[in-house]
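The following exercises are to be worked through with the sequence and the model at hand. Each task is followed by a solution in steps.

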Amino acid sequence: MEVDPRIVLPGDIIDVEEESTIVLGPGLRQEGDQIVAMKAGILQHLEVGNRYWIESNQKRYIAATGESVVGTVIAKMGEYFRVDIGTAHSAVLPIMAFEGATKRNRPNLNVQSLVYCRVSMANPDMEPELECVNPKTGKADGFGELVGGFVFKCSLGLCRRLLNPNTPILSYLGEHFPFETAVGMNGRVWINSEEC
């Protein structure tokens, strides 16, 4: 079932196709056997994985499980790092959440290091938890420390558009000079190029 983009308001009940498992993204919550909108915006649906979410022009990032984010290490603790990802509270990045990490082979991140990671757990009542591995493969797959380059902030909507494969801006830039980039759903974009 393809959902026509429609505007929803907080409290609206969302009709979803329940043939397979449903993944709820930002702005939606299950109450009993109904799916309810928690914020105003445009209801979006992705058939791959049967994902639903509400796209809106909000200012502050609210962590959602499965989203990729660019963060800054703000503290090193015994078994984890504290990472600023732009949410109301800092996130937790366990030392063992890296590819190949063991008690002896720990990642060496300093304060102010940039990391590209995935939100592994997000709950409104707890700090978000991050990981630097792909849960399906157990490999880094691009996650980890970001070395060199620079990071800039932009709107959450622009980051979502940059991650859309149909947005041509990144491919146009790639035609003029080689670069690497990491786009976080939290409104932060990291870019690195030898030519600029």
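**Exercise 1.** In which loop is Gln112 found? Determine also the sign of its phi and whether the residue is buried or exposed.

*Solution.* The model is a predicted one. Step 1: Gln112 belongs to the loop between E10 and strand E11 (114-121). Step 2: its phi is near 80°, which is positive although the residue is not glycine. Step 3: most residues other than glycine have a negative phi. Step 4: the relative accessible area of Gln112 is 58%, and exposed requires over 50%, so Gln112 is exposed.

**Exercise 2.** Apply the steps above to Asp141.

*Solution.* Step 1: the loop between strand E12 (129-131) and strand E13 (144-146) holds Asp141. Step 2: Asp141, another residue other than glycine, has a positive phi near 50°. Step 3: with a relative accessible area of 48%, which lies between the limits of 20% and 50%, Asp141 is therefore partly exposed.

**Exercise 3.** Describe how strands E9 and E10 are joined, and state which way the residues of E10 point.

*Solution.* Step 1: E9 (residues 80-84) and E10 run antiparallel and are joined by 4 bridges. Step 2: Phe81 has Leu93 in E10 as its bridge partner. Step 3: the hairpin of these strands has 6 residues between them, and Gly86 takes a positive phi near 90° there. Step 4: in E10 (residues 91-94), Ala91 and Leu93 point one way, while Val92 and Pro94 point the other way. Step 5: all four of these residues are buried.

**Exercise 4.** Which residues have the most contacts inside the largest nonpolar core, and which elements give two or more residues to this core?

*Solution.* Step 1: the core comprises 28 residues, and those with the most contacts inside it are Tyr61, Phe81, Val83, Leu93 and Leu130. Step 2: strand E8 (68-76), E9, E10 and E11 each give two or more residues to this core. Step 3: E11 supplies the largest share, 5 residues. Step 4: a second, separate core has 9 residues, among them Val8, Leu28, Leu43 and Tyr52. Step 5: beyond its neighbours within four places in sequence, Tyr61 is in contact with residues including Val69, Ile85, Gly86, Val119, Leu156 and Met185.

**Exercise 5.** Which residues make the nonpolar surface patch of about 300 Å²?

*Solution.* Step 1: the patch is made by Ile7, Leu9 and Ile42. Step 2: Ile42 is located in strand E6 (residues 41-46). Step 3: Ile42 counts as partly exposed because its relative accessibility is 37%.

Methods
Residues numbered from 1 in each chain as written. Predicted model: local features only at pLDDT ≥ 70, side-chain atom pairs only at ≥ 80, totals over all residues. Heavy atoms only, no water. Buried < 20%, exposed > 50% of the residue type's maximum accessible area, 1.4 Å probe, protein only. Pairing = 2+ DSSP bridges. Patch = residues over 30% accessible without salt bridge, like charges linked within 9 Å, V, L, I, M, F, W, Y side chains within 5 Å. Areas by Shrake-Rupley, 256 points an atom, 1.4 Å probe, with all protein chains shown as cover. Salt bridge = Lys/Arg side-chain N within 4 Å of Asp/Glu carboxyl O. Core = buried A, V, L, I, M, F, W, Y, C linked by side-chain atoms within 4.5 Å. Contact = heavy atoms within 4.5 Å.
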